[in-house]
Amino acid sequence: MENNAAENLLAAFAHFFPNAKTIGSFVDGDLVEGTGELIQLYDAATGKPSLAYKDGGAAVVELAADAAQRAQKQWWALTHAARGRVMFEIARELRKDTESIARLESLGSGKPIRDCRGEVAKVAEMFEYYGGWADKFYGDVIPVPTSHLNYTRREPAGTVLQITPWNAPVFTCGWQVAPAISMGNAVLLKPSELTPFTSLVVGLLAEKAGAPKGLINVLAGLGQTVAQAAIAHKVVKKVVFVGSPATGVRIAEAAAKRVLPCVLELGGKSANIIFADADLKRAALTAQAAIFAGAGQSCVAGSRLLVQRSIYDEFVGMIATGAKKIRVGAPLDDATEVGPINNRTQYDHIMKMIASGVQAGATLAAGSAERSSGGYFVSPAVLSNVTNEMDVARTEIFGPVVAAIPFDTEEEALNIANDTEFGLAGAVWTNDVGRAHRVAGQVNAGTFWVNGYKTINVASPFGGYGLSGYGRSSGVEALYEYTQTKSVWVETASEPATTFGYL
Ligand code: NAD
(Lines give C-alpha, C1' and ligand atoms only; values in the text may rest on other atoms or scores of the structure.)
Protein backbone atom coordinates (compact mmCIF):
# COMPACT_ATOMS: atom_id res chain seq x y z
CA MET A 1 0.00 0.00 0.00
CA GLU A 2 1.47 3.37 -1.03
CA ASN A 3 0.03 5.68 1.63
CA ASN A 4 -3.08 6.85 3.49
CA ALA A 5 -4.79 8.24 0.40
CA ALA A 6 -4.61 4.84 -1.27
CA GLU A 7 -5.73 3.09 1.93
CA ASN A 8 -8.72 5.39 2.40
CA LEU A 9 -9.75 5.06 -1.20
CA LEU A 10 -9.49 1.29 -1.14
CA ALA A 11 -11.40 1.12 2.17
CA ALA A 12 -14.23 3.19 0.65
CA PHE A 13 -14.17 0.93 -2.42
CA ALA A 14 -14.16 -2.21 -0.23
CA HIS A 15 -17.55 -1.17 1.18
CA PHE A 16 -18.88 -2.37 -2.19
CA PHE A 17 -16.18 -4.79 -3.35
CA PRO A 18 -15.01 -6.38 -0.05
CA ASN A 19 -12.29 -8.58 -1.52
CA ALA A 20 -10.69 -6.04 -3.84
CA LYS A 21 -6.91 -5.53 -3.44
CA THR A 22 -6.97 -2.88 -6.13
CA ILE A 23 -9.45 -1.83 -8.77
CA GLY A 24 -10.12 -3.19 -12.22
CA SER A 25 -13.01 -3.39 -14.66
CA PHE A 26 -16.50 -4.62 -13.79
CA VAL A 27 -17.19 -7.19 -16.47
CA ASP A 28 -19.93 -9.81 -16.56
CA GLY A 29 -20.51 -9.34 -12.83
CA ASP A 30 -16.89 -9.63 -11.74
CA LEU A 31 -14.11 -7.22 -10.90
CA VAL A 32 -11.38 -8.07 -13.41
CA GLU A 33 -7.84 -6.77 -12.92
CA GLY A 34 -6.18 -5.28 -15.97
CA THR A 35 -2.96 -6.52 -17.50
CA GLY A 36 -1.74 -3.38 -19.25
CA GLU A 37 0.40 -0.46 -18.11
CA LEU A 38 0.19 0.80 -14.54
CA ILE A 39 -2.01 3.86 -14.09
CA GLN A 40 -0.86 5.89 -11.09
CA LEU A 41 -3.47 8.09 -9.42
CA TYR A 42 -2.72 11.11 -7.22
CA ASP A 43 -4.63 12.53 -4.30
CA ALA A 44 -5.95 15.92 -5.44
CA ALA A 45 -5.92 17.34 -1.90
CA THR A 46 -2.21 16.59 -1.30
CA GLY A 47 -0.72 15.97 -4.74
CA LYS A 48 0.77 12.72 -3.40
CA PRO A 49 0.54 9.32 -5.11
CA SER A 50 -2.59 7.40 -4.29
CA LEU A 51 -3.83 4.12 -5.77
CA ALA A 52 -2.31 2.49 -8.84
CA TYR A 53 -4.05 -0.04 -11.09
CA LYS A 54 -3.48 -1.73 -14.43
CA ASP A 55 -5.04 -0.62 -17.69
CA GLY A 56 -7.72 -3.04 -18.88
CA GLY A 57 -6.55 -2.82 -22.52
CA ALA A 58 -8.13 -4.56 -25.48
CA ALA A 59 -8.42 -7.85 -23.55
CA VAL A 60 -11.06 -6.45 -21.21
CA VAL A 61 -13.03 -5.06 -24.17
CA GLU A 62 -13.17 -8.53 -25.69
CA LEU A 63 -14.58 -10.02 -22.46
CA ALA A 64 -17.04 -7.18 -21.96
CA ALA A 65 -18.30 -7.18 -25.55
CA ASP A 66 -19.17 -10.88 -25.26
CA ALA A 67 -20.92 -10.40 -21.94
CA ALA A 68 -22.82 -7.35 -23.17
CA GLN A 69 -24.08 -9.13 -26.25
CA ARG A 70 -25.43 -11.98 -24.14
CA ALA A 71 -26.93 -9.72 -21.47
CA GLN A 72 -28.59 -7.46 -24.03
CA LYS A 73 -30.55 -10.40 -25.46
CA GLN A 74 -31.75 -11.35 -21.97
CA TRP A 75 -32.62 -7.76 -21.12
CA TRP A 76 -34.53 -7.14 -24.35
CA ALA A 77 -36.46 -10.40 -23.86
CA LEU A 78 -38.00 -9.00 -20.65
CA THR A 79 -41.16 -6.96 -20.85
CA HIS A 80 -40.69 -3.19 -20.99
CA ALA A 81 -42.39 -2.85 -17.61
CA ALA A 82 -40.07 -5.44 -16.06
CA ARG A 83 -37.03 -3.43 -17.24
CA GLY A 84 -38.57 -0.35 -15.66
CA ARG A 85 -39.04 -2.16 -12.34
CA VAL A 86 -35.36 -3.17 -12.26
CA MET A 87 -34.42 0.45 -12.87
CA PHE A 88 -36.51 1.62 -9.91
CA GLU A 89 -34.73 -1.02 -7.85
CA ILE A 90 -31.35 0.38 -8.99
CA ALA A 91 -32.48 3.82 -7.80
CA ARG A 92 -33.40 2.33 -4.41
CA GLU A 93 -29.96 0.71 -4.11
CA LEU A 94 -28.31 4.02 -4.92
CA ARG A 95 -30.40 5.94 -2.39
CA LYS A 96 -29.72 3.32 0.30
CA ASP A 97 -25.96 3.76 -0.08
CA THR A 98 -25.78 7.47 -0.91
CA GLU A 99 -23.33 8.30 1.85
CA SER A 100 -20.84 5.54 0.97
CA ILE A 101 -21.00 6.33 -2.75
CA ALA A 102 -20.57 10.05 -2.04
CA ARG A 103 -17.54 9.36 0.17
CA LEU A 104 -15.95 7.18 -2.50
CA GLU A 105 -16.65 9.86 -5.13
CA SER A 106 -15.14 12.57 -2.96
CA LEU A 107 -12.00 10.55 -2.18
CA GLY A 108 -11.63 9.45 -5.77
CA SER A 109 -12.16 12.82 -7.46
CA GLY A 110 -11.42 15.59 -4.95
CA LYS A 111 -14.99 16.89 -5.19
CA PRO A 112 -16.54 18.36 -2.02
CA ILE A 113 -18.57 15.71 -0.20
CA ARG A 114 -21.73 17.86 -0.21
CA ASP A 115 -21.61 18.10 -4.02
CA CYS A 116 -21.13 14.34 -4.21
CA ARG A 117 -24.20 13.64 -2.07
CA GLY A 118 -26.30 15.82 -4.36
CA GLU A 119 -24.97 14.12 -7.46
CA VAL A 120 -25.70 10.60 -6.18
CA ALA A 121 -29.29 11.71 -5.48
CA LYS A 122 -29.52 12.99 -9.06
CA VAL A 123 -28.31 9.64 -10.39
CA ALA A 124 -31.07 7.86 -8.47
CA GLU A 125 -33.54 10.32 -10.03
CA MET A 126 -32.20 9.46 -13.49
CA PHE A 127 -32.86 5.74 -13.01
CA GLU A 128 -36.37 6.54 -11.75
CA TYR A 129 -37.11 8.94 -14.61
CA TYR A 130 -35.92 6.55 -17.32
CA GLY A 131 -37.35 3.54 -15.48
CA GLY A 132 -40.70 5.29 -15.94
CA TRP A 133 -40.06 5.73 -19.66
CA ALA A 134 -39.22 2.03 -20.25
CA ASP A 135 -42.81 1.13 -21.23
CA LYS A 136 -43.93 4.55 -22.48
CA PHE A 137 -41.73 5.17 -25.49
CA TYR A 138 -42.96 3.34 -28.55
CA GLY A 139 -43.62 3.61 -32.27
CA ASP A 140 -46.47 4.96 -34.37
CA VAL A 141 -49.04 3.66 -36.83
CA ILE A 142 -48.61 5.60 -40.09
CA PRO A 143 -51.68 6.26 -42.32
CA VAL A 144 -50.07 5.15 -45.62
CA PRO A 145 -52.06 5.43 -48.91
CA THR A 146 -51.97 1.68 -49.67
CA SER A 147 -53.63 -1.43 -48.27
CA HIS A 148 -50.85 -1.83 -45.71
CA LEU A 149 -50.68 -1.53 -42.00
CA ASN A 150 -47.45 0.42 -41.52
CA TYR A 151 -46.06 0.81 -38.03
CA THR A 152 -42.76 1.76 -36.45
CA ARG A 153 -40.84 0.03 -33.69
CA ARG A 154 -38.26 1.68 -31.46
CA GLU A 155 -35.51 -0.84 -31.10
CA PRO A 156 -32.32 -0.67 -29.06
CA ALA A 157 -29.03 0.00 -30.81
CA GLY A 158 -27.67 -3.14 -29.10
CA THR A 159 -24.45 -2.52 -27.19
CA VAL A 160 -23.51 1.12 -26.74
CA LEU A 161 -20.13 2.52 -25.74
CA GLN A 162 -20.09 5.47 -23.35
CA ILE A 163 -16.88 7.38 -22.68
CA THR A 164 -16.97 9.85 -19.78
CA PRO A 165 -14.70 12.50 -18.19
CA TRP A 166 -13.47 13.03 -14.63
CA ASN A 167 -15.37 16.14 -13.53
CA ALA A 168 -18.67 14.50 -12.49
CA PRO A 169 -18.04 10.74 -12.64
CA VAL A 170 -21.12 9.21 -11.02
CA PHE A 171 -23.43 11.88 -12.40
CA THR A 172 -22.25 11.34 -15.98
CA CYS A 173 -22.43 7.57 -15.55
CA GLY A 174 -26.11 7.67 -14.50
CA TRP A 175 -26.88 10.36 -17.06
CA GLN A 176 -25.91 8.04 -19.93
CA VAL A 177 -26.47 4.54 -18.52
CA ALA A 178 -30.10 5.13 -17.42
CA PRO A 179 -31.58 6.09 -20.83
CA ALA A 180 -29.46 3.44 -22.56
CA ILE A 181 -30.72 0.51 -20.51
CA SER A 182 -34.25 1.92 -20.34
CA MET A 183 -34.42 1.41 -24.12
CA GLY A 184 -33.05 -2.15 -23.93
CA ASN A 185 -29.37 -1.58 -24.67
CA ALA A 186 -26.34 -3.12 -22.96
CA VAL A 187 -23.51 -0.80 -22.02
CA LEU A 188 -19.74 -0.66 -22.17
CA LEU A 189 -18.87 2.37 -20.04
CA LYS A 190 -15.31 3.70 -20.17
CA PRO A 191 -15.01 6.24 -17.35
CA SER A 192 -12.01 8.54 -17.11
CA GLU A 193 -8.96 6.55 -16.04
CA LEU A 194 -8.66 9.14 -13.23
CA THR A 195 -12.09 8.49 -11.70
CA PRO A 196 -13.44 4.99 -12.38
CA PHE A 197 -14.58 4.17 -8.81
CA THR A 198 -18.23 5.16 -8.56
CA SER A 199 -19.06 3.96 -12.07
CA LEU A 200 -17.86 0.51 -10.99
CA VAL A 201 -20.25 0.76 -8.04
CA VAL A 202 -23.21 1.68 -10.28
CA GLY A 203 -22.47 -1.45 -12.35
CA LEU A 204 -22.41 -3.58 -9.21
CA LEU A 205 -25.60 -2.09 -7.70
CA ALA A 206 -27.46 -2.51 -10.99
CA GLU A 207 -26.70 -6.19 -10.93
CA LYS A 208 -27.73 -6.41 -7.28
CA ALA A 209 -31.02 -4.76 -8.27
CA GLY A 210 -31.74 -7.45 -10.87
CA ALA A 211 -30.04 -6.32 -14.09
CA PRO A 212 -28.49 -9.30 -15.91
CA LYS A 213 -24.77 -9.87 -15.42
CA GLY A 214 -22.93 -8.14 -18.22
CA LEU A 215 -25.61 -5.55 -18.92
CA ILE A 216 -23.45 -2.72 -17.55
CA ASN A 217 -19.72 -3.32 -17.99
CA VAL A 218 -17.40 -0.65 -16.65
CA LEU A 219 -14.00 -0.66 -18.31
CA ALA A 220 -11.16 0.83 -16.26
CA GLY A 221 -8.29 2.10 -18.35
CA LEU A 222 -7.01 4.58 -20.87
CA GLY A 223 -8.82 6.16 -23.77
CA GLN A 224 -6.19 5.26 -26.37
CA THR A 225 -6.27 1.60 -25.38
CA VAL A 226 -9.65 0.62 -23.92
CA ALA A 227 -11.95 3.18 -25.57
CA GLN A 228 -10.32 2.89 -28.99
CA ALA A 229 -10.44 -0.93 -28.86
CA ALA A 230 -14.13 -0.69 -27.96
CA ILE A 231 -14.91 1.71 -30.83
CA ALA A 232 -13.28 -0.77 -33.20
CA HIS A 233 -15.18 -3.77 -31.75
CA LYS A 234 -17.98 -5.11 -33.95
CA VAL A 235 -20.39 -5.52 -31.00
CA VAL A 236 -20.44 -1.75 -30.35
CA LYS A 237 -23.21 -0.03 -32.31
CA LYS A 238 -23.18 3.52 -30.98
CA VAL A 239 -20.75 5.83 -29.19
CA VAL A 240 -21.73 8.48 -26.67
CA PHE A 241 -18.83 10.67 -25.61
CA VAL A 242 -18.65 13.31 -22.87
CA GLY A 243 -15.35 15.17 -22.75
CA SER A 244 -13.11 17.66 -24.51
CA PRO A 245 -13.53 18.74 -28.15
CA ALA A 246 -10.05 17.47 -29.12
CA THR A 247 -10.82 13.95 -27.89
CA GLY A 248 -14.33 14.16 -29.35
CA VAL A 249 -12.83 14.67 -32.81
CA ARG A 250 -10.56 11.62 -32.39
CA ILE A 251 -13.50 9.51 -31.28
CA ALA A 252 -15.78 10.67 -34.10
CA GLU A 253 -13.00 9.94 -36.62
CA ALA A 254 -12.53 6.40 -35.29
CA ALA A 255 -16.30 5.85 -35.16
CA ALA A 256 -16.73 7.10 -38.73
CA LYS A 257 -14.55 4.25 -39.98
CA ARG A 258 -17.27 1.85 -38.79
CA VAL A 259 -20.14 4.21 -39.63
CA LEU A 260 -21.03 4.31 -35.94
CA PRO A 261 -23.40 7.08 -34.91
CA CYS A 262 -22.10 9.33 -32.12
CA VAL A 263 -23.37 11.75 -29.55
CA LEU A 264 -20.71 14.27 -28.55
CA GLU A 265 -21.16 16.26 -25.32
CA LEU A 266 -18.14 18.58 -25.37
CA GLY A 267 -16.85 21.70 -23.65
CA GLY A 268 -18.08 25.26 -23.35
CA LYS A 269 -17.21 28.92 -22.87
CA SER A 270 -20.59 30.14 -21.78
CA ALA A 271 -21.62 33.80 -21.53
CA ASN A 272 -23.47 34.97 -18.43
CA ILE A 273 -24.87 38.37 -19.49
CA ILE A 274 -25.76 40.95 -16.81
CA PHE A 275 -27.78 44.02 -17.77
CA ALA A 276 -27.88 47.10 -15.54
CA ASP A 277 -31.60 46.66 -14.76
CA ALA A 278 -31.14 43.17 -13.24
CA ASP A 279 -31.49 42.22 -9.58
CA LEU A 280 -27.75 42.65 -9.05
CA LYS A 281 -27.54 40.98 -5.65
CA ARG A 282 -29.11 37.77 -6.90
CA ALA A 283 -27.22 37.96 -10.18
CA ALA A 284 -23.91 38.30 -8.32
CA LEU A 285 -24.56 35.34 -6.02
CA THR A 286 -25.66 33.17 -8.93
CA ALA A 287 -22.76 34.28 -11.13
CA GLN A 288 -20.35 33.10 -8.42
CA ALA A 289 -22.02 29.70 -8.23
CA ALA A 290 -22.09 29.56 -12.04
CA ILE A 291 -18.31 29.64 -12.26
CA PHE A 292 -16.93 28.60 -8.86
CA ALA A 293 -19.13 25.60 -7.98
CA GLY A 294 -17.26 22.38 -8.65
CA ALA A 295 -14.08 24.52 -8.78
CA GLY A 296 -15.22 25.57 -12.25
CA GLN A 297 -14.76 22.02 -13.55
CA SER A 298 -18.15 22.13 -15.18
CA CYS A 299 -18.90 22.11 -18.90
CA VAL A 300 -21.66 24.72 -18.48
CA ALA A 301 -19.64 27.01 -16.17
CA GLY A 302 -20.44 30.70 -16.62
CA SER A 303 -16.85 31.41 -17.54
CA ARG A 304 -17.42 34.64 -19.51
CA LEU A 305 -19.19 37.25 -17.42
CA LEU A 306 -20.54 39.97 -19.72
CA VAL A 307 -21.47 43.05 -17.65
CA GLN A 308 -23.09 46.28 -18.86
CA ARG A 309 -20.55 49.09 -18.54
CA SER A 310 -22.67 51.35 -16.30
CA ILE A 311 -22.58 48.73 -13.50
CA TYR A 312 -19.33 46.98 -14.49
CA ASP A 313 -17.11 48.21 -11.64
CA GLU A 314 -19.80 47.75 -8.98
CA PHE A 315 -20.79 44.28 -10.19
CA VAL A 316 -17.28 42.94 -10.69
CA GLY A 317 -16.47 44.30 -7.21
CA MET A 318 -19.38 42.27 -5.78
CA ILE A 319 -18.14 39.11 -7.51
CA ALA A 320 -14.56 39.65 -6.35
CA THR A 321 -15.66 40.26 -2.75
CA GLY A 322 -17.82 37.14 -2.84
CA ALA A 323 -15.04 35.06 -4.41
CA LYS A 324 -12.73 35.84 -1.50
CA LYS A 325 -15.32 34.53 0.99
CA ILE A 326 -15.77 31.12 -0.67
CA ARG A 327 -14.58 28.27 1.55
CA VAL A 328 -11.86 26.39 -0.30
CA GLY A 329 -10.85 23.25 1.53
CA ALA A 330 -10.53 19.51 1.96
CA PRO A 331 -13.00 17.41 -0.07
CA LEU A 332 -14.36 15.48 2.92
CA ASP A 333 -14.95 18.57 5.05
CA ASP A 334 -18.69 19.28 5.16
CA ALA A 335 -18.03 23.02 5.14
CA THR A 336 -15.97 22.98 1.92
CA GLU A 337 -17.59 24.81 -0.97
CA VAL A 338 -14.71 24.49 -3.45
CA GLY A 339 -12.29 21.57 -3.38
CA PRO A 340 -9.04 20.99 -5.26
CA ILE A 341 -8.74 20.58 -9.01
CA ASN A 342 -9.03 16.92 -9.97
CA ASN A 343 -5.58 16.41 -11.46
CA ARG A 344 -2.16 17.92 -12.02
CA THR A 345 -2.47 18.46 -15.79
CA GLN A 346 -5.70 20.41 -15.31
CA TYR A 347 -4.23 22.37 -12.40
CA ASP A 348 -1.20 23.38 -14.48
CA HIS A 349 -3.50 24.46 -17.33
CA ILE A 350 -5.60 26.66 -15.02
CA MET A 351 -2.55 28.34 -13.45
CA LYS A 352 -1.12 28.97 -16.92
CA MET A 353 -4.41 30.54 -18.05
CA ILE A 354 -4.52 32.89 -15.02
CA ALA A 355 -0.96 34.01 -15.81
CA SER A 356 -1.82 34.44 -19.49
CA GLY A 357 -4.78 36.68 -18.60
CA VAL A 358 -2.62 38.92 -16.43
CA GLN A 359 0.07 39.02 -19.10
CA ALA A 360 -2.52 40.05 -21.71
CA GLY A 361 -3.54 43.04 -19.56
CA ALA A 362 -6.42 41.73 -17.43
CA THR A 363 -6.58 42.63 -13.72
CA LEU A 364 -6.67 39.84 -11.13
CA ALA A 365 -9.45 41.25 -8.91
CA ALA A 366 -9.62 38.07 -6.79
CA GLY A 367 -7.59 34.87 -6.63
CA SER A 368 -3.90 34.36 -7.09
CA ALA A 369 -1.39 33.52 -9.77
CA GLU A 370 0.74 31.72 -7.13
CA ARG A 371 0.68 27.92 -6.99
CA SER A 372 -0.66 26.28 -3.81
CA SER A 373 1.90 24.50 -1.62
CA GLY A 374 0.15 21.10 -1.28
CA GLY A 375 -2.54 19.69 -3.54
CA TYR A 376 -4.16 21.24 -6.57
CA PHE A 377 -6.01 24.13 -4.92
CA VAL A 378 -6.94 27.22 -6.92
CA SER A 379 -8.51 30.22 -5.14
CA PRO A 380 -11.61 31.46 -6.97
CA ALA A 381 -10.22 33.98 -9.45
CA VAL A 382 -11.82 37.02 -11.08
CA LEU A 383 -10.12 38.54 -14.11
CA SER A 384 -11.49 42.00 -14.90
CA ASN A 385 -10.94 44.28 -17.90
CA VAL A 386 -10.91 41.25 -20.17
CA THR A 387 -11.60 41.61 -23.88
CA ASN A 388 -13.17 38.80 -25.85
CA GLU A 389 -10.01 38.55 -27.97
CA MET A 390 -7.86 37.44 -25.01
CA ASP A 391 -7.06 33.76 -24.69
CA VAL A 392 -8.82 33.62 -21.28
CA ALA A 393 -12.06 34.55 -23.07
CA ARG A 394 -11.62 32.02 -25.88
CA THR A 395 -10.06 28.86 -24.41
CA GLU A 396 -11.97 26.62 -22.03
CA ILE A 397 -10.20 27.01 -18.66
CA PHE A 398 -12.32 24.43 -16.79
CA GLY A 399 -11.37 25.92 -13.43
CA PRO A 400 -12.58 28.56 -10.95
CA VAL A 401 -11.62 31.51 -13.13
CA VAL A 402 -14.11 34.02 -14.51
CA ALA A 403 -13.31 36.48 -17.29
CA ALA A 404 -15.35 39.69 -16.83
CA ILE A 405 -15.96 41.57 -20.10
CA PRO A 406 -17.76 44.96 -20.30
CA PHE A 407 -20.37 45.80 -22.97
CA ASP A 408 -22.54 48.83 -23.74
CA THR A 409 -25.58 47.71 -25.76
CA GLU A 410 -27.73 44.60 -26.18
CA GLU A 411 -26.36 44.20 -29.69
CA GLU A 412 -22.79 44.29 -28.43
CA ALA A 413 -23.59 41.78 -25.67
CA LEU A 414 -25.01 39.37 -28.27
CA ASN A 415 -22.03 39.84 -30.58
CA ILE A 416 -19.60 39.02 -27.77
CA ALA A 417 -21.69 36.10 -26.49
CA ASN A 418 -21.76 34.54 -29.96
CA ASP A 419 -18.13 35.29 -30.78
CA THR A 420 -16.97 31.81 -29.74
CA GLU A 421 -16.79 28.41 -31.39
CA PHE A 422 -18.55 26.84 -28.41
CA GLY A 423 -22.32 26.78 -27.84
CA LEU A 424 -23.14 24.83 -24.72
CA ALA A 425 -24.97 27.24 -22.41
CA GLY A 426 -25.57 30.86 -21.46
CA ALA A 427 -27.70 33.17 -19.35
CA VAL A 428 -29.17 36.66 -19.28
CA TRP A 429 -30.03 38.76 -16.24
CA THR A 430 -32.56 41.54 -16.83
CA ASN A 431 -35.96 42.69 -15.60
CA ASP A 432 -37.04 43.60 -19.15
CA VAL A 433 -39.12 40.61 -20.26
CA GLY A 434 -38.86 41.48 -23.95
CA ARG A 435 -35.09 41.71 -23.76
CA ALA A 436 -34.90 38.42 -21.84
CA HIS A 437 -36.68 36.55 -24.65
CA ARG A 438 -34.84 38.42 -27.42
CA VAL A 439 -31.49 37.47 -25.95
CA ALA A 440 -32.55 33.89 -25.14
CA GLY A 441 -33.58 33.48 -28.78
CA GLN A 442 -30.33 34.83 -30.21
CA VAL A 443 -27.51 33.30 -28.17
CA ASN A 444 -26.14 30.20 -29.90
CA ALA A 445 -26.31 27.64 -27.11
CA GLY A 446 -28.08 24.36 -26.31
CA THR A 447 -29.16 25.51 -22.82
CA PHE A 448 -30.08 29.03 -21.75
CA TRP A 449 -31.23 30.54 -18.47
CA VAL A 450 -33.14 33.75 -17.81
CA ASN A 451 -32.40 35.23 -14.37
CA GLY A 452 -30.75 32.02 -13.23
CA TYR A 453 -27.91 29.64 -13.97
CA LYS A 454 -27.10 25.93 -13.92
CA THR A 455 -30.53 24.50 -13.20
CA ILE A 456 -30.57 21.24 -15.07
CA ASN A 457 -32.93 18.31 -14.83
CA VAL A 458 -33.02 14.82 -16.26
CA ALA A 459 -36.38 15.66 -17.90
CA SER A 460 -34.98 18.54 -19.96
CA PRO A 461 -32.84 18.01 -23.08
CA PHE A 462 -29.17 18.93 -22.87
CA GLY A 463 -26.47 19.28 -25.52
CA GLY A 464 -24.33 21.62 -27.53
CA TYR A 465 -24.26 23.84 -30.58
CA GLY A 466 -21.06 24.17 -32.64
CA LEU A 467 -17.85 22.98 -31.00
CA SER A 468 -19.83 21.97 -27.90
CA GLY A 469 -21.01 18.88 -29.76
CA TYR A 470 -24.08 17.26 -31.26
CA GLY A 471 -26.90 14.96 -30.22
CA ARG A 472 -28.89 15.36 -27.03
CA SER A 473 -28.85 13.79 -23.60
CA SER A 474 -31.58 13.91 -20.93
CA GLY A 475 -35.31 14.09 -21.43
CA VAL A 476 -37.19 12.27 -24.12
CA GLU A 477 -34.55 13.31 -26.68
CA ALA A 478 -32.04 10.89 -25.15
CA LEU A 479 -34.46 8.05 -25.93
CA TYR A 480 -34.24 8.82 -29.64
CA GLU A 481 -30.44 8.65 -29.33
CA TYR A 482 -30.57 5.24 -27.68
CA THR A 483 -33.05 3.66 -30.12
CA GLN A 484 -33.27 3.11 -33.84
CA THR A 485 -36.54 3.18 -35.76
CA LYS A 486 -37.79 0.25 -37.80
CA SER A 487 -40.69 0.68 -40.22
CA VAL A 488 -42.82 -2.50 -40.61
CA TRP A 489 -45.21 -2.98 -43.57
CA VAL A 490 -48.01 -5.54 -43.25
CA GLU A 491 -50.15 -6.36 -46.27
CA THR A 492 -53.87 -6.38 -45.34
CA ALA A 493 -55.57 -6.69 -48.77
CA SER A 494 -57.23 -10.04 -49.63
CA GLU A 495 -55.89 -9.76 -53.18
CA PRO A 496 -52.87 -7.55 -52.98
CA ALA A 497 -51.43 -5.92 -56.07
CA THR A 498 -47.99 -7.24 -56.96
CA THR A 499 -45.88 -4.68 -58.71
CA PHE A 500 -42.43 -4.68 -60.21
CA GLY A 501 -40.69 -1.97 -58.18
CA TYR A 502 -42.05 0.42 -55.57
CA LEU A 503 -45.72 0.33 -54.78
P1 NAD B 1 -10.99 14.15 -22.15
O2 NAD B 1 -11.52 14.43 -23.50
O3 NAD B 1 -9.55 14.28 -21.92
O4 NAD B 1 -11.37 12.66 -21.67
C5 NAD B 1 -12.68 12.18 -21.65
C6 NAD B 1 -12.68 10.68 -21.83
O7 NAD B 1 -12.12 10.36 -23.09
C8 NAD B 1 -11.86 9.91 -20.79
O9 NAD B 1 -12.57 8.74 -20.44
C10 NAD B 1 -10.60 9.56 -21.55
O11 NAD B 1 -9.97 8.40 -21.08
C12 NAD B 1 -11.13 9.34 -22.95
N13 NAD B 1 -10.11 9.51 -24.00
C14 NAD B 1 -9.00 10.30 -23.97
N15 NAD B 1 -8.30 10.17 -25.12
C16 NAD B 1 -8.98 9.28 -25.89
C17 NAD B 1 -8.76 8.74 -27.18
N18 NAD B 1 -7.71 9.05 -27.92
N19 NAD B 1 -9.66 7.85 -27.66
C20 NAD B 1 -10.75 7.49 -26.94
N21 NAD B 1 -11.01 7.98 -25.70
C22 NAD B 1 -10.14 8.86 -25.18
O23 NAD B 1 -11.83 15.10 -21.18
P24 NAD B 1 -11.58 15.36 -19.65
O25 NAD B 1 -10.36 16.20 -19.50
O26 NAD B 1 -11.69 14.06 -18.92
O27 NAD B 1 -12.88 16.22 -19.27
C28 NAD B 1 -12.98 17.59 -19.41
C29 NAD B 1 -13.75 17.97 -20.66
O30 NAD B 1 -15.04 17.37 -20.65
C31 NAD B 1 -14.02 19.45 -20.76
O32 NAD B 1 -13.80 19.90 -22.07
C33 NAD B 1 -15.49 19.57 -20.40
O34 NAD B 1 -16.11 20.74 -20.87
C35 NAD B 1 -16.03 18.33 -21.02
N36 NAD B 1 -17.35 17.98 -20.45
C37 NAD B 1 -18.46 18.12 -21.24
C38 NAD B 1 -19.72 17.84 -20.72
C39 NAD B 1 -20.97 18.01 -21.56
O40 NAD B 1 -21.99 17.46 -21.20
N41 NAD B 1 -20.96 18.74 -22.65
C42 NAD B 1 -19.84 17.38 -19.41
C43 NAD B 1 -18.69 17.25 -18.64
C44 NAD B 1 -17.45 17.54 -19.19
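**Exercise 1. In this predicted model, find the loop that holds A295 and work out whether A295 is buried or exposed.**

Solution. Start with the location: A295 sits in the loop between α10 (280-292) and β13 (304-308). Next, look at the backbone. Phi of A295 is near 55°, which is a positive value in a residue other than glycine. Now check the accessibility. The relative accessible area of A295 is 1%, and buried means under 20%, so A295 is buried.

**Exercise 2. Do the same for V259: which loop is it in, and is it buried or exposed?**

Solution. V259 belongs to the loop between α9 (245-257) and β11 (262-265). Its phi is near 50°, again a positive value in a non-glycine residue. For the last step, take the relative accessible area of V259, 71%. The cut-off for exposed is over 50%, so V259 is exposed.

**Exercise 3. Describe how helices α2 and α8 pack: what is the angle, and what is it called?**

Solution. Two numbers do the job here, because a pair of packed helices is described by the angle between their axes and the distance between the axes. First, pick out the helices: α2 covers residues 57-77 and α8 covers residues 223-232. Their axes are 8 Å apart and make an angle of about 40°. That angle is not under 35 degrees, the limit for roughly parallel, nor is it in the 65 to 115 range for roughly perpendicular. α2 and α8 are therefore oblique to each other. To finish, add the hand: the crossing of α2 and α8 is right-handed.

**Exercise 4. Which residue forms a salt bridge with K486, and how far apart in the chain are the two?**

Solution. The partner of K486 is E155, with the closest N and O atoms 3.1 Å apart. Place each end next: K486 is in strand β20 (residues 483-491) and E155 is in strand β6. The pair is 331 residues apart, linking distant parts of the chain. Then compare each end with the cut-offs. K486 comes out as partly exposed at 38% relative accessibility, while E155 counts as buried at 16%. For the wider picture, the structure holds 23 salt bridges.

**Exercise 5. Where in the chain are the two ends of the salt bridge between E410 and R438?**

Solution. The side chains of E410 and R438 meet at 2.8 Å, N to O. E410 is in helix α14 and R438 is in helix α15 (residues 433-442), 28 residues apart. On accessibility, E410 is buried at 15%, whereas R438 is partly exposed at 40%.

Now try D419, which forms a salt bridge with R394 (closest N and O atoms 2.9 Å apart). D419 lies in the loop between α14 (410-418) and β17 (425-429), and R394 lies in helix α13 (residues 391-394). Here D419 is partly exposed at 30%, and R394 is partly exposed at 33%.

**Exercise 6. Which residues make the nonpolar surface patch of about 230 Å², and where does L149 lie?**

Solution. The patch is made by V141, L149 and V490. L149 lies in strand β6 (residues 148-156). With a relative accessible area of 36%, L149 is partly exposed. Patch residues need over 30%, so L149 passes that step at 36%.

Notes:
Residues are numbered from 1 along each chain as its sequence is written. This is a predicted model: local features need pLDDT of at least 70, side-chain atom pairs count only at pLDDT 80 or more; totals for chains, interfaces and linings use all residues. Side-chain values use heavy atoms; hydrogens and water are left out. Patches are made of residues with over 30% relative accessible area and no salt bridge: like charges are joined within 9 Å, nonpolar side chains (Val, Leu, Ile, Met, Phe, Trp, Tyr) within 5 Å. Accessible areas come from the Shrake-Rupley method with a 1.4 Å probe; for residues, only the protein chains shown count as cover. A salt bridge is a side-chain nitrogen of Lys or Arg within 4 Å of a carboxyl oxygen of Asp or Glu. Helices (H or I, at least four residues) and strands (E, at least two) are DSSP runs, numbered from the N terminus. Buried means under 20% relative accessible area, exposed over 50%, partly exposed in between (1.4 Å probe, protein chains only). Axes are lines fitted to C-alpha atoms, for helices over the stretch in contact, and angles run from 0 to 180 degrees between N-to-C directions. Angles under 35 degrees count as roughly parallel, over 145 as roughly antiparallel, 65 to 115 as roughly perpendicular and the rest as oblique. A crossing is left-handed if the near helix is turned anticlockwise from the far one by less than a right angle, and right-handed if clockwise.
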